Amino acid sequence: MSRTRRVVAGAALGYANMAVTTLAGLWFTPFLLRHIGQQSFGLWAVSAPILSYLGLIDFGVISLFQREVAHLLGAAGGDFRASPGLPIATGKVFRLVLWQVPALCAAATTVWLCLPKDWEPLRGPFGIVLASLVVFFPVRISHALLMGLQDLAFIGKLNILAWLAGFVIGVVLVLLGHGLYGLAISWSASQLIANTAYCLRVFFRFRDTLPRHLPRLSRTEAMERLGRGFWIVITQLASAVMSGGDVLVVGASLGPAAVAPYTITDKLVTMFYNIPQQLMASAQPALSELKARGDRQKLGVVCTALTQAVLQVSGLIACLVIVVDQGFVDWWVGKAQFAGNSVVVLLVAGMLLSHWTTSTIYTIFSFGYERLISITSIVNGILTLGLTILLTRRFGFAGAAAASSVGLLVVALPPHLVAISRQTATAKRVLLGALWPWAWRFGLLVVCAVMAARLWIPDSFFKLAVTSVAVTIVYAGTMFPVVMSEPLGSYVRPRIAVLQQRLAKKG
């Protein structure tokens, strides 16, 4: 399978996974509220960020290993069997991850012992989750290895199956009255299924990437790997702080009751936020492989095409949300929970800039710019948090929604674009100029979307569906010339040709 087909297949399956989880999540939330109650639902919800923070203990070693595998694959001409360095790298990283297990175990135990007394119903179920996290921590290397080898179709299919299995197990156990224990068991079951399948895939399909014995890992090399990973951890930590910062500020400045309309108005943005990022996540190993081959001209073309693709998808989401968000909130929970159309537009602007920034982050990460990413993330996080506090007190919901856009425009995007320009030998004006055909069309569509949102509120499922289809058709028709032009068109046209051939055969 070619590199482009691997990326497309991985992204398509990632989108399918997100569609399944999103639709099921809309049903699962009220289901849990009915069967386990609001308090237990809240306890389960607060466990998620704790797991995210514990996962940072790996110091970015797994993320760096994924990129290292892609580099070694590229240096070997795409043949993993021709890379003697792959088994050595795999063995060293696995040894390093094993060294990290005691630290994770100690941290998980500390967290479990320090749970507040009010969280006592969570202690037993969360103990199961933490134990599973520790057990499966070392074998995560198999997933990173498959990502670096760009076995994206298998990963995408397995993610869907593992999530569905955990979802079904959770629903059944909750219906049987096991409450939080049922959710904990379902989470652990999905982890067991996924990690077991990853390990088997590596063993039977990519056995030549495994070492015959664990190679020695010197203290110096271990510290060097942890040092490089440190910047990734800082970036992840800054992202974790930023992702919920606006909600915390809204609650502190406007009162806890104000959090509901703000988060509910932001629900569609949150639901669709990861869709454009999935494309970059699927493409990152291929970028790393191209970097290893040293083809700077090809890198520049690919990076520009990927950015165009990300913004095309993000722009469609933006137009959809602006038009249907008020109707969606009315249909889902009631009119009283809608924060206003101006807040929607500002939230959408932040989403779009965040997607653009994320596309640059994935690109420069493939080039080895972990330190730059970390520094810009930290500064952006501090600036955004400060602006959120000031603007929320002054402008309310609108201020909270606008703060992230300022930080991204001022702090994050400029240095990232400079780094891409240097690595791909592409002038900055060329990088930005390639986006202009999309930008002016998108601006006109946003104006039309805002006007449509004032005139039409699709407050039923049928109206939401029809309106979404109409917006998608208008957006696709407007952007079609951009999608078919270079450099994105060189990747889109072959996919359309294949689709036309398949349809012709069926006809």
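Which residues have the most contacts inside the largest nonpolar core? In this predicted model, they are Phe 65, Phe 126, Leu 149 and Leu 183, and the core to which they belong has 55 residues. Eight helices each contribute at least two residues to this core: helix 1 (3-35), helix 2 (37-55), helix 3 (61-75), helix 4 (85-113), helix 5 (120-136), helix 6 (140-148), helix 7 (152-175) and helix 8 (179-205). Helix 4 provides the largest share, with 8 residues. A separate core of 46 residues lies apart from this one and includes Val 250, Val 344, Ala 400 and Trp 438.

The surroundings of Leu 149 were examined with residues up to four places away in sequence excluded. On that basis, Leu 149 touches Val 69, Leu 73, Phe 80 and Leu 86, which precede it in the numbering, as well as Phe 206 and Thr 209, which follow it.

The protein as a whole contains 21 helices and 0 strands. Its chain comprises 507 residues, of which 49% count as buried. Contacts between residues at least 6 apart in sequence were also considered, and 84% of these join residues at least 24 apart. The exposed surface of the protein amounts to about 23800 Å², and carbon and sulfur atoms account for 68% of that area.

No disulfides were identified, the count being 0. Two cysteines illustrate the range of exposure. Cys 105 has a relative accessibility of 36% and therefore counts as partly exposed. Cys 114, in turn, is classed as exposed because its relative accessible area is 56%, the cut-off for this class being over 50%.

A further local environment is that of Ser 421. This residue is found in helix 17, which spans residues 397-424. With a relative accessible area of 11%, Ser 421 is buried, since the limit for burial is under 20%. When neighbours within four places in sequence are left aside, the contacts of Ser 421 are with Thr 426, Ala 427, Lys 428 and Leu 431. For the pair formed by Ser 421 and Leu 431, the C-alpha atoms are separated by 7.6 Å, and the two residues are 10 residues apart along the chain.

Note on methods:
Residues are numbered from 1 along each chain as its sequence is written. This is a predicted model: local features need pLDDT of at least 70, side-chain atom pairs count only at pLDDT 80 or more; totals for chains, interfaces and linings use all residues. Side-chain values use heavy atoms; hydrogens and water are left out. Helices (H or I, at least four residues) and strands (E, at least two) are DSSP runs, numbered from the N terminus. Buried means under 20% relative accessible area, exposed over 50%, partly exposed in between (1.4 Å probe, protein chains only). Contact means heavy atoms within 4.5 Å. Accessible areas come from the Shrake-Rupley method with a 1.4 Å probe; for residues, only the protein chains shown count as cover. A disulfide is a pair of cysteine sulfur atoms within 2.5 Å. A nonpolar core is a set of buried Ala, Val, Leu, Ile, Met, Phe, Trp, Tyr and Cys residues joined through side-chain atoms within 4.5 Å.
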